[in-house]
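Work through the exercises below with the sequence and the 3D view side by side. Try each task before reading its solution.

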Amino acid sequence: GVQIETGAFMTSYIPTYGSTKTRGADLVEITDEEFSEFYNQTEGSFVSEIMLKPSFPVTNYGSYMMTLSDGSYNNRVTLASSTGSAQFNADVNIGSSNPTRANLGSYTSGSYSIKAAMAYKAADTAGSLNGAAAVTTSPSGTLPLLTRADIGKDHLNYNLLNGHMKKLMYYSKRLPNNQLRTLTS
């Protein structure tokens with residue numbers, strides 16, 4: 001058969017049987033035992049490759065690649081684009097709504113591929129965007145007890161990626177800065 005797309009990009013096949021259908025949102029979350037089976041509470045890293053819509057960035061909207069949290073905004077680790085700008089950030093919130101932020105730099109609007117990585121450990125966070133040298137920060141305090149992973153969104157189903165995730169990798173250790181750079185090149 002043939003599939004005709006009215007949008008700007010291809011999607012997977014949805015049987016329509018002659019009528020119009022709308023794709024539901026992909027809301028991916030890992031909680032409870034499934035989360036605790038793989039998550040390392042003291043350190044970790046994640047690497048992703050995404051495509052955003054050519055219209056991005058959008059005012060008052062950030063696109064989240066991945067969020068690890070306790071179900072609140074005050075305790076979380078997030079890799080996301082900035083609200084309304086072409087900046088990417090690696091954020092660590094420890095008991096506060098004000099994150100310790102590593103601004104990883106800018107992406108080109110309409111880019112085919114955006115590669116970003118983040119590594120975190122107590123007082124040692126870093127991130128890299130598209131092969132750039134890693135940017136480091138030092139969040140103070142003990143990493144909070146996190147209980148869930150949200151992929152392509154935050155824990156309340158806001159800040160949706162609104163794009164395509166080509167790759168997502170999680171490491172249960174803090175990768176070295178040079179490896180973050182290599183993995184995003």
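The exercises go from the whole chain to its sheets, then to single residues and rings. Keep in mind that this is a predicted model.

**Exercise 1. The whole chain**

Task: Count the helices and strands of the protein chain and give their order. Then decide how compact the chain is for its length.

Solution:
- Step 1. Count the elements. The protein chain holds two helices and eleven strands.
- Step 2. Read them off from the N terminus. The order is β-α-β-β-β-β-β-β-β-β-β-β-α.
- Step 3. Compare the radius of gyration with the globule rule. The protein chain has a radius of 17 Å, and the rule gives 16 Å for 185 residues. The two values are close, so the chain is as compact as a globular protein of that length.
- Step 4. Add the extents. The C-alpha trace spans about 55 × 35 × 30 Å along its principal axes.

**Exercise 2. Burial, surface and contacts**

Task: What share of the 185 residues counts as buried? What supplies the exposed area, and what share of the contacts joins residues at least 24 apart?

Solution:
- Step 1. Apply the cut-off: a residue is buried when its relative accessible area is under 20%. By that test, 37% of the 185 residues are buried.
- Step 2. Turn to the surface. The protein chain exposes about 9700 Å². Carbon and sulfur atoms supply 50% of that area.
- Step 3. Take the contacts between residues at least 6 apart in sequence. Of these, 62% join residues at least 24 apart.

**Exercise 3. The six-stranded sheet**

Task: Give the strand order of the open sheet of six strands. Which strands are its edges?

Solution:
- Step 1. Trace the pairing across the sheet. The order is 1-10-3-4-5-6, and the pairing is antiparallel.
- Step 2. Find the strands that pair on one side only. These are strand 1 (28-31) and strand 6 (100-106), the edge strands.
- Step 3. Check the twist. From one strand to the next, the average is 5 degrees.
- Step 4. Look inside the sheet. Strand 3 (residues 64-69) runs antiparallel to strand 4 (residues 75-81), with five bridges joining them. S69 has R76 in strand 4 as its bridge partner.
- Step 5. Move to strand 5 (residues 87-94). Six bridges pair it with strand 6, again in the antiparallel sense. Here V92 is bridged to T100 in strand 6.
- Step 6. Inspect the turn. The hairpin of strand 5 and strand 6 has five residues between the strands, and G95 takes a positive phi near 65 degrees.

**Exercise 4. Strand 8 and its neighbours**

Task: Is strand 8 (residues 124-129) largely enclosed or open? Which strands pair with it?

Solution:
- Step 1. Test burial along the strand. Five of the six residues of strand 8 are buried, so the rest of the structure largely encloses it.
- Step 2. Take the pairing with strand 7 (residues 114-121). The two run antiparallel and share six bridges. A117 stands opposite S128.
- Step 3. Look at the turn between strand 7 and strand 8. Two residues separate the strands in this hairpin, and A123 has a positive phi near 60 degrees.
- Step 4. Take the pairing with strand 9 (residues 135-137). It is antiparallel, over three bridges. A126 in strand 8 faces T136 in strand 9.
- Step 5. Look at the second turn. The hairpin of strand 8 and strand 9 has five residues between them, and N130 in the turn has a positive phi of about 50 degrees.

**Exercise 5. A glutamate in strand 2**

Task: Is E49 buried or exposed? Which residues does it contact, leaving aside neighbours within four places in sequence?

Solution:
- Step 1. Place the residue. E49 lies in strand 2 (residues 43-52).
- Step 2. Test burial. The relative accessible area of E49 is 7%, so this residue counts as buried.
- Step 3. List the contacts. E49 touches S113, I114 and K115, as well as H164, M165, K166 and K167.

**Exercise 6. An aromatic cluster**

Task: How many aromatic pairs does the whole structure have? Classify the pairs of F35 with F38 and with Y39.

Solution:
- Step 1. Search the whole structure. There are six aromatic pairs.
- Step 2. Take F35 and F38. Their centres are 5.5 Å apart and their planes 75 degrees, so the pair passes the cut-off of over 60 and is edge-to-face.
- Step 3. Take F35 and Y39. Here the values are 4.6 Å and 25 degrees, so the pair falls under 30 degrees and is stacked.
- Step 4. Compare burial. F35 is buried at 2% relative accessible area, and Y39 is buried at 10%. F38 is partly exposed at 29%.
- Step 5. Join the rings. F35, F38, Y39 and Y170 make up one aromatic cluster.

Note on methods: Residues are numbered from 1 along each chain as its sequence is written. This is a predicted model: local features need pLDDT of at least 70, side-chain atom pairs count only at pLDDT 80 or more; totals for chains, interfaces and linings use all residues. Side-chain values use heavy atoms; hydrogens and water are left out. Rings of Phe, Tyr and Trp (its six-membered ring) pair if their centres lie within 6.5 Å; planes under 30 degrees apart count as stacked, over 60 as edge-to-face and the rest as tilted. Buried means under 20% relative accessible area, exposed over 50%, partly exposed in between (1.4 Å probe, protein chains only). Helices (H or I, at least four residues) and strands (E, at least two) are DSSP runs, numbered from the N terminus. Two strands pair if DSSP finds at least two bridges between them. The radius of gyration is taken over C-alpha atoms; the globule rule is 2.2 Å times the number of residues to the power 0.38. Contact means heavy atoms within 4.5 Å. Accessible areas come from the Shrake-Rupley method with a 1.4 Å probe; for residues, only the protein chains shown count as cover. Axes are lines fitted to C-alpha atoms, for helices over the stretch in contact, and angles run from 0 to 180 degrees between N-to-C directions.
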